[in-house]
Amino acid sequence: MSIETAVPENDVQDTQLITAQEAANLIEEGALLIDVRSEGGRASTGAVPGAVVVNREHVEEDFSPESAHRLAQLSGTDQKIVVFCGSVNGSRPVAQKLQVLGYANAVHVDGGFPALRDAGVPSTGPLAPPVGSAPPVGSAQASTESVASER
């Protein structure tokens with residue numbers, strides 16, 4: 001089963017897009033935080049402890065109520081879900097798929113991970129130093145939950 005979503009046209013408002021501060025408030029209230037960045041993206045820029053890492057290619061498997069691979073962290077389609085990537089270009093399609101799957105409270109963050117970090121959401125890293133430089137002294141390890149990609 002495949003769910004197709006259209007990218008909103010420039011003149012259509014993205015009703016799922018929220019500010020990083022709004023996202024920080026939702027996270028503080030207990031919203032499920034979904035990180036759809038690549039492993040390299042998390043290693044080079046940092047991570048949010050407690051965020052569930054989801055592969056964008058497995059959204060249907062991870063969120064569909066009928067799926068054997070459905071995330072254990074899901075409590076129902078009324079759950080508040082905050083999706084972030086490095087930018088809205090990565091998070092928008094995931095938030096749209098979640099809405100199609102029935103998650104009416106799925107939103108995504110304007111400005112992605114950098115904006116969340118700037119809004120005060122706790123983060124770690126980066127874990128991988130830029131090419132040609134030494135790792136920072138006392139750098140922290142990220143503790144994100146990762147969804148197994150054994151599909």
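Against which elements do the buried residues of H4 pack? In this predicted model, they pack against S1, H3, S4 and strand S5, the last spanning residues 106-109. The sections below set this helix in the context of the chain.

The protein chain contains five helices and six strands. Along the sequence these elements follow the pattern β-α-β-α-β-α-β-α-β-α-β. The chain has 151 residues, and 41% of them are buried. Its accessible surface comes to about 8200 Å². Carbon and sulfur atoms account for 49% of that surface. Contacts across the sequence were also examined. Among contacts between residues at least 6 apart in sequence, 71% join residues at least 24 apart.

Helix H4 covers residues 88-100. The helix has 13 residues and reaches 18 Å from its first C-alpha to its last. This span is close to the 18 Å expected at 1.5 Å a residue. Several H4 positions are buried. They comprise Val88, Gly90, Ser91, Arg92, Val94, Ala95, Gln96, Lys97 and Leu98. The list includes the charged residues Arg92 and Lys97 alongside Val88, Val94 and Leu98. An α-helix has 3.6 residues a turn, so residues three or four places apart point the same way. Just after H4, Gly102 takes a positive phi of about 105°.

Arg92, within helix H4, has a relative accessible area of 16%. The cut-off for a buried residue is under 20%, so Arg92 counts as buried. Its side chain makes a polar contact with the side chain of Asp14, at 3.1 Å. The pair also qualifies as a salt bridge, with the closest N and O atoms 3.1 Å apart. Asp14 lies in the segment before strand S1 (17-18), and Arg92 in H4. The two residues are 78 residues apart, and the pair links distant parts of the chain. Asp14 is buried, as is Arg92.

The structure holds three salt bridges. Besides Asp14 with Arg92, they include Glu29 with Lys80 and Asp35 with Arg37. In the Glu29 pair, the closest N and O atoms are 3.9 Å apart. Glu29 lies in the loop between helix H1 (20-28) and strand S2 (32-35), and Lys80 in the loop between helix H3 (59-63) and strand S4 (81-84), so this salt bridge ties together parts that are 51 residues apart in sequence. Glu29 counts as exposed, at 58% relative accessibility. Lys80 counts as partly exposed, at 42%.

The Asp35 pair has its closest N and O atoms 2.9 Å apart. Both partners are buried. Asp35 has a relative accessible area of 0%, and Arg37 has one of 7%.

Strand S4, one of the elements against which H4 packs, is covered on both faces. In a regular strand the side chains alternate between the two faces of the sheet. In S4, Ile81 and Val83 lie on one side, and Val82 and Phe84 on the other. All four are buried. S4 pairs with S2 in the parallel sense over four bridges. Here Ile34 has Val83 of S4 as its bridge partner. S4 also pairs with S5, again in the parallel sense, over three bridges. Val82 has Val107 of S5 as its bridge partner. S5, like S4, is among the elements packed against the buried residues of H4.

Two loops carry further local features. Glu66 is placed in the loop between H3 and S4. Its relative accessible area is 66%, and Glu66 is exposed. The side chain of Glu66 makes a polar contact with the side chain of Ser64, at 2.8 Å. Farther along, a cis peptide bond joins Gly125 and Pro126. Its omega is about 10°. Pro126 lies in the loop between helix H5 (112-118) and strand S6 (145-146).

How values were computed. Residues are numbered from 1 along each chain as its sequence is written. This is a predicted model: local features need pLDDT of at least 70, side-chain atom pairs count only at pLDDT 80 or more; totals for chains, interfaces and linings use all residues. Side-chain values use heavy atoms; hydrogens and water are left out. Buried means under 20% relative accessible area, exposed over 50%, partly exposed in between (1.4 Å probe, protein chains only). Contact means heavy atoms within 4.5 Å. Accessible areas come from the Shrake-Rupley method with a 1.4 Å probe; for residues, only the protein chains shown count as cover. A salt bridge is a side-chain nitrogen of Lys or Arg within 4 Å of a carboxyl oxygen of Asp or Glu. The expected span of a helix is 1.5 Å times one less than its number of residues. A polar contact is a pair of N or O atoms within 3.5 Å; within protein, one must be able to donate a hydrogen and the other to accept it, and residues adjacent in sequence count only if both atoms are side-chain atoms. Two strands pair if DSSP finds at least two bridges between them.
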